[in-house]
Amino acid sequence: MSAEPSLPTPAPTSVPSPAPRFGVWLIGARGSVATTAIAGCAAVAAGLHPPTGMVTETPDFTSCGLPPLSSLVFGGHDTVDCPLPKRAEHLAAGGVLPHGLPSAVHAELVAADREIRPGGPLPGATDGGSERHDDELIDVFADDIRDFVRRQGLAGAVVVNVASTEPAPADGSLPPSSRYAAAALRAGCPYVNFTPSTGLHHPALAPLAESSGLPYAGRDGKTGQTLLRSVLGPMFLQRALAVRAWSGTNLLGGGDGAALADPAAAAAKNAGKDRVLADTLGTTPEGEVHIDDVPALGDWKTAWDHIAFDGFLGARMVLQTTWQGCDSALAAPLVLDLARLVVRARQRGLSGPLSELGFYFKDPVGDGPSSLAEQYAELRRFAGRLRDGADEHGVRR
C-alpha cells in the first residue's frame with residue numbers, strides 16, 4: 001500500500017503588532033480648549049469633520065511620521081469636576097462645538113474623562129509654596145502621568161498646559177504651572193506650554209529642563225490678535241512705513257475672561273503681545289492692550305487694533321482691524337498640532353527648546369524669527385528634520 005502524500009506545512013501567519021498609541025496629558029483637562037481638542041480629535045479621526053485649522057494635516061506635513069489622530073489617548077489634571085461630556089454639551093449649546101457632536105463622540109469623551117486626575121494642592125495642605133510641599137505635589141503629578149502611560153500601554157506621552165492664565169510669581173515660589181511642568185519632565189515626558197503662565201520659564205526649573213534630555217516648547221498660543229500682529233508688523237517694516245502707535249482692546253468671556261480680569265494675569269498675557277510688536281517692528285510703539293471680561297460673550301471674543309502710522313512726506317494714516325472668533329476653536333487644532341509634532345520630536349531624539357515651533361506662540365522659547373512667514377518657513381524645515389532625522393548640517397540626531 002502506498003503511503004499517502006504528506007501535506008505541506010502551512011507557513012506561520014504573522015500577527016501584525018498593534019500600532020503604537022501616544023498620550024496627550026492636558027493641564028486644565030476639563031476646560032474649553034481641552035474639551036474642544038478632545039472632541040475635535042475624535043471627530044476628525046472618525047471622518048465626521050475635516051481637519052480645518054490643523055497645519056499638520058496639510059501636504060507639507062503628511063510624510064513626517066506624525067502619530068495619527070486615532071493613536072492619541074487623552075488624560076490630564078484639573079481642579080474642577082464637571083465631566084467632559086457635560087462640558088462638551090455646554091460648548092455645543094454656545095455654538096463652539098457643532099450640534100450633535102457631543103453625542104457622536106460621547107464614548108471618547110467618557111474615556112478621556114476617566115483619565116483626569118485632581119490637580120491643585122495635596123489634600124489637607126495649604127497651597128503655600130514651601131519647597132517640601134512643591135516637591136510632594138510634583139511627585140504626585142508625575143506619578144499620575146506615569147500611571148496613565150503604564151495602564152494605557154502607551155509608547156510615550158506629551159504634557160500640554162492649556163489651563164487658565166496665572167499671575168507671574170512675585171515671591172520666587174513655584175506657581176502651579178511650574179509644578180506641572182516639573183512633573184512632566186520628572187515623568188519623562190516632553191512639555192508644551194500653550195499659556196502665558198510661567199511653566200518651565202521659572203529659574204528654579206532651568207537645571208531640570210537642561211538635564212532632562214527632553215524637548216519642550218511654548219509659550220502662549222498665538223490664536224487671534226497676536227496672529228494678526230505677527231503678519232502686519234513685518235508688513236509695515238518691509239514697506240518702510242513708520243508706526244507711531246498701536247493700541248488694542250480684547251473683549252472676552254468664559255474662563256479666560258474671568259482669569260484675565262486679574263491685572264497681574266492680564267499683564268502676563270500682554271507681555272507676549274508686546275514682544276511680537278517689538279520684535280517685528282524693531283521698536284516699541286506707543287499704546288497698550290486692554291483686556292475686558294464680558295461674561296455674556298462666553299467662549300467668544302472680539303479683538304480690536306488701532307494702528308497709527310506715517311506714510312510718504314509724513315502723511316498720517318490709520319489701520320483698524322477687528323477679529324471676532326472663538327478662542328477654543330482657534331486653539332484646539334494648534335494643541336493637536338503641537339502634541340503630534342513634539343511626540344515626533346521625542347521619537348527623533350530631539351531635546352531642549354524647540355524654537356522651530358515659534359509659529360504657534362507669542363513668546364516662543366529659544367531663538368527664532370518673529371514674522372509669521374519666517375516662522376512658517378522654520379516650521380517647514382523642522383518638518384523635514386522630523387521626516388529624515390537629520391539636522392540642517394546633515395548630522396543625524
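User: Helices (H or I, at least four residues) and strands (E, at least two) are DSSP runs numbered from the N terminus; how many of each does the protein have?

Analyst: This is a predicted model in which local features need pLDDT of at least 70, side-chain atom pairs count only at pLDDT 80 or more, and totals for chains, interfaces and linings use all residues. Residues are numbered from 1 along each chain as its sequence is written, and side-chain values use heavy atoms, leaving out hydrogens and water. The protein has 12 helices and 11 strands.

User: How are helix α1 and helix α2 oriented to each other, roughly parallel or roughly perpendicular?

Analyst: The axes, lines fitted to C-alpha atoms over the stretch in contact, give angles from 0 to 180 degrees between N-to-C directions. Those of α1 (residues 32–45) and α2 (residues 84–93) come within 10 Å and cross at roughly 95°. Because 65 to 115 degrees counts as such, α1 and α2 are roughly perpendicular.

User: Which residues of α2 are met by α1?

Analyst: Contact means heavy atoms within 4.5 Å. On the α1 side, Ser32, Thr35, Thr36 and Ile38 take part. Their partners in α2 are Leu84, Arg87, Ala88 and Leu91.

User: Which residues of helix α4 are exposed on the face turned away from its buried side?

Analyst: In α4 (residues 106–114), Leu109, Ala112 and Asp113 are buried (under 20% relative accessible area, 1.4 Å probe, protein chains only). They cover an arc of only 100° around the axis, by directions to the C-beta atoms, which puts them on the same side of α4. These buried residues pack against α1, β2 (72–78), α2, α3 (101–104) and β3 (116–118). The face turned away carries the exposed (over 50%) residues Ala107 and Arg114.

Methods: Angles under 35 degrees count as roughly parallel, over 145 as roughly antiparallel, 65 to 115 as roughly perpendicular and the rest as oblique.
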